[in-house]
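Subject: Structure for you to look at

Dear colleague,

I am handing over the structure we spoke about, and I would be glad if you could open it before reading further. My notes on what was found come after it.

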Amino acid sequence: MQQAQDLASVYVERWNAAAELSGPCPVRDVLDKIGDKWSMLLVMTLASGPKRFNQLHRDIPDISQKMLTQTLRNLQRDGMVARQVFDTKPPSVEYSLTTLGQSLIVPFGHLIEWANESIGTIAAARSDFDAT
């Protein structure tokens with residue numbers, strides 16, 4: 001327990017130090033981009049290997065084509081996703097995680113574990129809040 005509190009203190013200090021920098025907060029800048037509605041889903045979908053656009057759309061059926069394209073471009077711009085065009089007729093495109101994108105899998109995995117472990121507590125808190 002003490003080790004978790006010590007680690008939490010370190011993270012809070014790092015968060016506060018980043019917030020004190022002049023200009024936009026680099027931590028918020030990155031978290032805003034990878035923490036949006038679709039980026040984490042795409043990273044975790046690509047974690048199993050390269051996929052073509054239509055396969056990604058089938059794997060995440062509730063994302064629109066426009067939003068899928070936009071999110072892939074944003075992840076590509078940030079260096080998380082690579083786009084490879086194959087010289088076929090018609091041309092085919094495949095998306096894969098870069099080394100930087102792959103480095104997100106473990107932190108996202110921890111967040112997924114936390115969410116799975118905490119959903120019952122969160123649901124109960126929501127229910128209690130809504131009842132008042």
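The notes below go from the core outwards to the surface and end with a few separate points.

Please keep in mind throughout that this is a predicted model, and that the values given here are computed from it.

The core is a good place to begin. The largest nonpolar core holds 19 residues, and those with the most contacts inside it are Leu42, Leu56, Leu68, Leu72, Val81 and Tyr95. Two or more residues are given to this core by each of helix 3 (39-46), helix 4 (53-59), helix 5 (65-77) and strand 3 (92-97). If you would like one residue to follow through this region, Val81 may serve, since, with residues up to four places away in sequence left out, Val81 touches Leu46, Leu72, Leu75, Gln76, Tyr95, Ser96, Leu97 and Thr98.

Helix 3 deserves a look of its own. Which of its residues are buried? They are Ser39, Leu42, Val43, Thr45 and Leu46, and because they cover an arc of only 165 degrees around the axis, they lie on the same side of helix 3. Two of the residues named there can be described further. Ser39, which is found in helix 3, has a relative accessible area of 2% and is therefore buried, the cut-off being under 20%. Apart from neighbours within four places in sequence, Ser39 is in contact with Lys33, Ile34, Thr71 and Leu75. Thr45, also placed in helix 3, counts as buried at 15% relative accessibility, and its contacts, again leaving aside neighbours within four places in sequence, are with Lys51, Leu56, Asp59 and Ile60.

Two of those contacts of Thr45, Lys51 and Asp59, lead on to the next point. How many salt bridges does a search of the whole structure find? The search finds 1 salt bridge, and Lys51 forms a salt bridge with Asp59, in which the closest N and O atoms are 3.8 Å apart. As for the surroundings of the two partners, Lys51 counts as buried at 16% relative accessibility, whereas Asp59 counts as partly exposed at 35%.

Helix 4 offers two further residues to look at. His57 lies in helix 4 and counts as partly exposed, with a relative accessibility of 22%. Not counting residues up to four places away in sequence, His57 touches Ile63, Ser64, Gln65 and Leu68, while the C-alpha atoms of His57 and Leu100, which are 43 residues apart along the chain, are separated by 23 Å. Arg58 also has its place in helix 4, but Arg58 counts as exposed, at 56% relative accessibility. Between the C-alpha atoms of Arg58 and Gln76, 18 residues apart along the chain, the separation is 20 Å.

On the surface, there is a nonpolar patch formed by Leu7, Val10 and Tyr11, which together have about 270 Å² of accessible area. Tyr11 is placed in helix 1 (residues 2-19) and is partly exposed, with a relative accessible area of 48%.

One last point concerns the backbone. Most peptide bonds are trans. Lys89 and Pro90, however, are joined by a cis peptide bond, with omega at about -10 degrees, and Pro90 lies in the loop between strand 2 (81-86) and strand 3.

If you have time for a single view, I would suggest starting from Thr45, which is in contact with both Lys51 and Asp59, and then turning to Val81, one of the residues with the most contacts inside the largest nonpolar core.

With best wishes

Methods
Residues numbered from 1 in each chain as written. Predicted model: local features only at pLDDT ≥ 70, side-chain atom pairs only at ≥ 80, totals over all residues. Heavy atoms only, no water. Core = buried A, V, L, I, M, F, W, Y, C linked by side-chain atoms within 4.5 Å. Buried < 20%, exposed > 50% of the residue type's maximum accessible area, 1.4 Å probe, protein only. Helix = DSSP H or I, 4+ residues; strand = E, 2+ residues; numbered from the N terminus. Contact = heavy atoms within 4.5 Å. Patch = residues over 30% accessible without salt bridge, like charges linked within 9 Å, V, L, I, M, F, W, Y side chains within 5 Å. Areas by Shrake-Rupley, 256 points an atom, 1.4 Å probe, with all protein chains shown as cover. Salt bridge = Lys/Arg side-chain N within 4 Å of Asp/Glu carboxyl O. Arc of directions from axis to C-beta.
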